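Biologist: Could you walk me through how the two chains meet? I'm new to this one.

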There are 2 protein chains.
Amino acid sequence: MAVRHVVMLKLKQDAAEEDKLRMVRELSSLKDVIPEIKSFHCGLDAGLAEGNHDFVLTADFASPEDYKAYATHPAHVAVIQEFIKPIVLSRSAVQFTL
Amino acid sequence: MAVRHVVMLKLKQDAAEEDKLRMVRELSSLKDVIPEIKSFHCGLDAGLAEGNHDFVLTADFASPEDYKAYATHPAHVAVIQEFIKPIVLSRSAVQFTL
């Protein structure tokens, strides 16, 4: 049962653009490190609508177990600690079956 | 420039399961009605993690203009009015370039 994991973030108003871009780069690099990731797309909001959040990632896995391996993977945890936590205001997530 | 549109919803605690499933069906049917939709996936949270939101949709478009055609399309607006508004608590969205 394939799963799509989606995380949406609001970032701090004073977060530096470079720090946001670094977060995107570091998260995107996880697909080269965590084999369970089948597909990975993320990005900063493109400004097409009012009142949006600031960032979203969508990642696909072959199973719930593969998603959980990703969620607890040391490389993923390290990116959260080093590149997301310093600039995040709020986080919301959903995983659903594809 | 391809765009992924992501909407995440918290639903009312007392929303009936049938109404949630109907919302998923109605939204999913939009891909047969709105030609600008290139890819469309949505679903209720699978319960794999604590503190998640209740629903998310991801929809891909070939351009920002195609996304805006979808956003304003009568069929999309009707689904929002009839099947989402009655059961939604909060909505957050991001569009990013793929």
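Modeller: In this predicted model, the area buried between chain B and chain A, meaning the accessible area (1.4 Å probe) that two parts lose on being put together, summed over both, is about 2300 Å², and carbon and sulfur atoms give 68% of that.

Biologist: Which parts of chain B supply the side that touches chain A?

Modeller: At least two residues each come from strand E1 (3-11), strand E2 (39-44), strand E3 (55-61), helix H2 (64-72) and strand E4 (88-97) of chain B, where helices (H or I, at least four residues) and strands (E, at least two) are DSSP runs, numbered from the N terminus. The largest share, five residues, belongs to E4(B).

Biologist: How many salt bridges are there between chain B and chain A?

Modeller: The count is zero, taking a salt bridge as a side-chain nitrogen of Lys or Arg within 4 Å of a carboxyl oxygen of Asp or Glu.

Biologist: New topic: how is chain B laid on chain A?

Modeller: A turn of 180 degrees with a shift of 0.0 Å along the axis lays chain B on chain A with an RMSD of 0.0 Å, superposed by least squares on the C-alpha atoms of residues with pLDDT of at least 70 in both. That is the relation of a two-fold axis.

Biologist: And why do the copies meet through the same surface?

Modeller: Because 100% of the interface residues of chain B are also interface residues in chain A. The contact (heavy atoms within 4.5 Å) takes 27 residues from chain B and 27 residues from chain A.

Biologist: Any ground rules?

Modeller: Residues are numbered from 1 along each chain as its sequence is written, and chains are lettered from A in the order in which they are written. Local features need pLDDT of at least 70, side-chain atom pairs count only at pLDDT 80 or more, totals for chains, interfaces and linings use all residues, and side-chain values use heavy atoms, with hydrogens and water left out.
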